[in-house]
Amino acid sequence: MKKLKYFIALSVCFMAVACAGIQHVSTAIKKPDAPTSNTSNIKAEIKPNAIKKVGVTEFLSYADDYANLPAEVQKQEFTTTNQALLIEPNDVFLRIKLIIIHGLPSSSLFDSAKAQNLLQQLIQENSLSNADLAFANLLFEYLTATNKANKNIKDDQKRIDSILQKNEILQIKLEGTQQKLEAAQQKLNELKNIEKSMSERELTPRK
């Protein structure tokens, strides 16, 4: 959640400089109505967006609203977005929605590598406006950093697992060595006892 707030703050600052004059449209997420006597605990409901012209404000608003949805509603939004993309595969907002769905750490469908690949395809098509491209590049940097951090975490975990595995092997070898030493010590004690017994017999006078 801290990553999301940091990302949103950066985007808003960037938008103030590079994206002045962007037309605002209604957000893609319909806020729940106030509770009535017949309804309670109404959850936010996301509906497909048919508006083509959207901007950074809408992307940020969608990301903020999506992050606060329950996991089941997030999955429903994923299904709805995919269905809408089958009808409008070139819709920029729908495509960025899908990227956000996979790119947010709080998403139940979090897959930052997939989000980065989808965003890279969109950027390479050169179909974005200057403002949208600026936002896309900022989002791409965020996803790249996230993927790098995730990779480092996985690499560190592999190293830790390798060290633990080696320690386990060494522990098994150590236990085996201790068992051999105990067995050797036991045999040595037996030999000492035999030697002592023989010495005592030699010293005992014969009748």
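User: Which residues of α2 and α3 meet in this model?

Analyst: Tyr62, Tyr66 and Ala67 on the α2 side meet Gln74, Glu77 and Thr81 on the α3 side. The model is a predicted one. Meeting here rests on heavy atoms within 4.5 Å.

User: Why are α2 and α3 called oblique to each other?

Analyst: Two packed helices are described by the angle between their axes and the distance between the axes. The axes of α2 (residues 56–67) and α3 come within 10 Å and cross at roughly 140°. An angle over 145 degrees would count as roughly antiparallel, and 65 to 115 degrees as roughly perpendicular. The crossing falls in neither range, nor under the 35 degrees of the roughly parallel class, and α2 and α3 are therefore oblique.

User: What makes the pair Glu72 and Lys75 a salt bridge?

Analyst: Side chains of opposite charge can pair when their charged atoms come close. For Glu72 and Lys75 the closest N and O atoms are 3.9 Å apart, and the rule asks for a side-chain nitrogen within 4 Å of a carboxyl oxygen. The pair therefore satisfies the rule. Glu72 and Lys75 are about one helical turn apart, because 3 residues separate them in helix α3 (residues 71–87). Lys75 has 38% relative accessibility, so it counts as partly exposed.

User: How many salt bridges does this rule give, and which residues of helix α6 take part in them?

Analyst: The count comes to 5 salt bridges. Among them is the one between Asp155 and Lys151, with an N to O distance of 3.0 Å. Asp155 and Lys151 are 4 residues apart in helix α6, so about one helical turn separates them. Another joins Asp156 to Arg159, whose closest N and O atoms lie 2.2 Å apart. Asp156 and Arg159 also belong to helix α6, with a spacing of 3 residues, about one turn of the helix.

User: Why are Asp155, Asp156 and Arg159 assigned to the class between buried and exposed?

Analyst: Buried requires under 20% relative accessible area and exposed requires over 50%. Asp155 has 22%, Asp156 has 35% and Arg159 has 48%. These values lie between the two cut-offs, so Asp155, Asp156 and Arg159 are partly exposed.

User: Is Thr146 buried or exposed, and what does it touch?

Analyst: Thr146, a residue of helix α6, has a relative accessible area of 5%. That value is under the 20% cut-off, so Thr146 is buried. Leaving aside neighbours within four places in sequence, Thr146 is in contact with Phe110 and Ser112.

User: Where is Phe110, and how is its accessibility classed?

Analyst: Phe110 is placed in the loop between α4 (92–103) and α5 (112–124). Its relative accessible area of 33% lies between the limits of 20% and 50%, so Phe110 is partly exposed. Beyond four places in sequence, Phe110 touches several residues, including Thr146, Asn150 and Pro105. The C-alpha atoms of Phe110 and Ile99 are 9.7 Å apart, with these positions 11 residues apart in sequence numbering.

User: What makes Ile194 eligible for a surface patch?

Analyst: Ile194 lies in helix α6 (residues 130–203) and has 47% relative accessibility, so it counts as partly exposed. A patch residue needs over 30% relative accessible area, and Ile194 therefore passes that cut-off. Together with Leu191 and Met198, Ile194 forms a nonpolar patch on the surface, with about 310 Å² of accessible area in all.

Technical notes:
Residues numbered from 1 in each chain as written. Predicted model: local features only at pLDDT ≥ 70, side-chain atom pairs only at ≥ 80, totals over all residues. Heavy atoms only, no water. Patch = residues over 30% accessible without salt bridge, like charges linked within 9 Å, V, L, I, M, F, W, Y side chains within 5 Å. Areas by Shrake-Rupley, 256 points an atom, 1.4 Å probe, with all protein chains shown as cover. Helix = DSSP H or I, 4+ residues; strand = E, 2+ residues; numbered from the N terminus. Buried < 20%, exposed > 50% of the residue type's maximum accessible area, 1.4 Å probe, protein only. Axes fitted to C-alpha atoms, helices over the stretch in contact; angles between N-to-C directions.
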